[in-house]
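Student: Could you take one small part of this chain and look at it closely for me, and then work outward from there to the rest of the protein? I would like one connected account rather than a list.

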Amino acid sequence: MRAGKKRDLKETSPKKKTNKKQVSEEEAEEEPKHTVQQLIEKEEAEHEQLDSLSGSGSDYEGSEDDDDSEAFSDSDDDDSESFTQSESEPSGDELTEGDVDKSGVDNVNVNGLVGGDQGQADHGDSDDSLHGVEESDSSEDEVAPRNTVGDVPLEWYKDEKHIGYDIAGKKITKKERRDKLDSFLASVDDSENWRKVYDEYNDEEVELTKEETRMIRRMIKGKAPHVDFDPHAPYVDWFQWDDAKHPLSGAPEPKRRFIPSKWEAKKVIKLVRAIRKGLITFDKPKEDPRFYLLWGDDSKSVDRGRNLSYIPAPKPKLPGHEESYNPSLEYIPTQEEINSYQLMFEEDRPKFIPKRFTSLRSVPGYENAIKETFERCLDLYLCPRVRKKRINIDPESLKPKLPNKKDLRPYPATCYLEYKGHTDAVMSISVSPSGEWIASGSNDRTVRLWEVETGRCLKVWEFSEGVQHVAWNPVPELPILAIATGQDVHVLNTGCGNAEEQEKITELLHVDKATVPEGDDKTASILSWLQDDKHGGIQLRHFRTVSSVHWHRKGDYLSTWLCDNKACDKMLSCLLIFFPRAMPIMAFLRYIWVMNSLTYFLPETRGVLIHQLSKKLTQRLPFKLHGLPVAAIFHPNRSIFFVATKRNVRVYDLLKQKLIKKLESGLREISSLSIHPAGDNLIVGSREGKLSWFDMDLSSKPYKTLKCHPKDITNVAFHRSYPLFASCSDDCTAYVFHGMVYSDLNQNPLIVPLEILRGHSSSNQRGVLDCKFHPRQPWLFTAGADSLIKLYCH
């Protein structure tokens, strides 16, 4: 057969060398001479190509290539070789091999995808040949094959440094592969990564187009790759036409269609004989046994429920020498051992104590026989049997290995000094950057300046309302104090510096006339800069009550956040006197009051303002906060601003004016916030007594959550130089912790509880209201509702 094919090929090969223009002209002349049979065959071929597109386009191409290779593999003629090469040479779209493996798209063969395109291309070529379109003789359409490996397994090149050969026969070295971490980071940054497919045969990444991804999705759903393909095309009956007079075949039905087949009869007889001889056997139906073991081990039964492993009933212990009526003397306990059994717990006490009898007749009835039998039945019928895996682990080994407290010294442990002078609860304290003075604000409408080492009160400022917060400027050359009282923020000169510093501070705290901040009308209506002649400083008049003040690290900016609910509380308290049962409605009205007022007056910031002291300017945050602000502080080293709402902490970049990160605390309500001096960690206190540690480089969720206080946490604080942080609460205690942050990113922070500081008394159900560390020494200052300030030292 092969020799015949070679001769036919040699005879027909010169015809292939004729001019293509002549061939196209002959085809154009012979086009109207097609018979009905030829049209039917071409139509069937087109249907086969369309069917191959829906499911097996690549298989169709492979079979076609195999037929071509069988027909022309042994040909010796040069013309036949060129003919087979042109016939079997795939196009550039067919050469992409490898599996498409990406998210949302399961393993899909790229050859199958491109094979569908090739099938459509072949279909279009057949239509063009019917109309006699000339084929292009240009070699520019031919694309060189990219597959340099061939049809060999890739495992052969696994340990080699190259993969395939180029057209000159030189080795093609493999590209350097990135490690998994770099590739993962690159995939996270690249939004189009899900379109890329790694081609193992060509050692390159191929990016799929939108059209190819649509085709892959359609193929996964079991549809045709192309949208234009109609799987339910109307049937065309080629055997009926309008001018039909005679059928295609008028031959009568053959006789073999009406008589039984002799071959089938012989096959049936052969099978019957094999069954009778026992060569073919059938499986007998399984019969359920009539009797079965009630507590037998039938774990292999198929009738058990899904995903439930059968556990057989526990077997009782078999009797041994101890249960004998005449055991050896070594099994009989002494009277001292029997007395020691009475001191043991009931579950540890032995249930059976062996005794010795002379004969079997003298053995009495077992007194606990009925009781133990009943308990055994209860265990078998009622006790749920669960397979438990017991691991022999020492409980002490499960405890975290913490360092000894003596190795973590120094830290504040004992009360060293008390500062007395306030007559009401001390709401806030602040220590100077040098550590020589401390300022305190109280509800008795006074702010006092103390000397740290002696406890002597140096100066007292009186105001018209209670003091909510005090904050010392972090720059040592500017000993000024920011005080929040009611709707005003007073920036005062403490008079602690030298003459040159006092002259600079006097110039800084001078306002020529009452000014309003430059900007929109809403900011101007809620704030004004005034000269405070009474205290010698600047007065910032706000529209709402100022709750907190925080300085920037450079000392020129300070942030304030507003929250005024006093008017609402007074009105609702009056209504509650007349309507005592309407408490839920009153709470809802208070919420509407606060939300509407803050939304009207502060639509973008909801109560957070930033003031510049040197230029006497005020600006709002260009961000929209989702919720009421609870605390707002600056980053210790960078231009980053932290704003805490009731449940979350949002981190903003002030230079780029965008949100960097959102920290989810998982707490019921946040009460305070503090940043580590390095700036990568922060602690958050809550109203439920929990303290959360956040590692911003690690995750947006808390690294550790400590349940330390039974009541609300009022404030948290970090030490500037020592690895210490503290929290104070309304339970009249302050907790001191060791918090070491390592420079090695692979090592997690070390948190160790050190000391519980007591000494304050409760007043009006309030305890310790504020705590601050000394900037240089491991000392802690606490301010309580009992009008005392305490200094704890090591």
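Tutor: His162 has Thr173 of β4 as its bridge partner, and that pair is a convenient place to begin in what is a predicted model. The two strands concerned are β3, residues 162–165, and β4, residues 171–173, which run antiparallel and are joined by 2 bridges. Between β3 and β4 lie 5 residues, so that the two strands form a hairpin, and in its turn Gly169 has a positive phi of about 90 degrees. As background, the strands of a sheet pair through backbone hydrogen bonds, in either a parallel or an antiparallel arrangement.

A second antiparallel example can be set beside this hairpin. Strand β31, residues 733–740, pairs with β32 in the antiparallel sense over 8 bridges, and within this pairing Val736 stands opposite Glu755 of β32. Both strands belong to an open sheet of 4 strands, whose order is β29-β30-β31-β32 and whose pairing is antiparallel. The edges of this sheet are β29 (713–718) and β32 (750–758), and because each of them has a single partner strand, one side of each is left without a neighbour in the sheet. From one strand to the next, the twist averages 20 degrees. In a regular strand, side chains alternate between the two faces of the sheet.

Charged side chains are the next topic. Searching the whole structure gives 12 salt bridges, and among them are two that involve residues between positions 190 and 196. Asp190 forms a salt bridge with Lys196, with the closest N and O atoms 2.9 Å apart; Asp190 is partly exposed at 25% relative accessibility, and Lys196 is likewise partly exposed, at 28%. Glu192 forms a salt bridge with Arg195, where the closest N and O atoms are also 2.9 Å apart. Glu192 has a relative accessible area of 33% and is partly exposed, whereas Arg195, at 10% relative accessibility, counts as buried because the cut-off for that class is under 20%. Further along the chain, the side chains of Glu418 and Lys420 meet in a salt bridge at 3.8 Å, N to O, and these two residues are linked with Lys790 in a network of salt bridges. Glu418 is partly exposed, with a relative accessible area of 32%, while Lys420 is exposed, with 58%.

Turning from charged to nonpolar side chains, Val236, Trp238, Phe239, Trp241 and Leu248 make a nonpolar surface patch of about 550 Å². Val236 sits in the loop between α8 (210–220) and α9 (262–277), and its relative accessible area of 45% places it among the partly exposed residues.

Two buried residues show what lies around a position away from the surface patch. Ser548 is in strand β17, residues 546–551, and counts as buried at 16% relative accessibility. If its neighbours within four places in sequence are left aside, Ser548 is in contact with His469, Ser559, Thr560 and Trp561. Pro433 lies in the loop between β8 (426–431) and β9 (437–442), and at 14% relative accessibility Pro433 is buried as well. With neighbours within four places in sequence again left aside, Pro433 is in contact with Trp472, Asn473, Pro474, Val475, Pro476, Arg720, Pro775 and Arg776. One of these partners, Pro775, is 342 residues from Pro433 in sequence, yet the two are 6.4 Å apart in space, C-alpha to C-alpha.

These details belong to a protein chain of 794 residues, of which 35% count as buried. Its secondary structure comes to 15 helices and 35 strands. Among the contacts in the chain with a separation of 6 or more, 51% are between residues 24 or more positions apart, and the contact between Pro433 and Pro775 involves a separation of 342 residues. The chain exposes about 53,000 Å², with carbon and sulfur atoms supplying 51% of that area.

Notes: Residues are numbered from 1 along each chain as its sequence is written. This is a predicted model: local features need pLDDT of at least 70, side-chain atom pairs count only at pLDDT 80 or more; totals for chains, interfaces and linings use all residues. Side-chain values use heavy atoms; hydrogens and water are left out. Buried means under 20% relative accessible area, exposed over 50%, partly exposed in between (1.4 Å probe, protein chains only). Contact means heavy atoms within 4.5 Å. Accessible areas come from the Shrake-Rupley method with a 1.4 Å probe; for residues, only the protein chains shown count as cover. Axes are lines fitted to C-alpha atoms, for helices over the stretch in contact, and angles run from 0 to 180 degrees between N-to-C directions. A salt bridge is a side-chain nitrogen of Lys or Arg within 4 Å of a carboxyl oxygen of Asp or Glu. Patches are made of residues with over 30% relative accessible area and no salt bridge: like charges are joined within 9 Å, nonpolar side chains (Val, Leu, Ile, Met, Phe, Trp, Tyr) within 5 Å.
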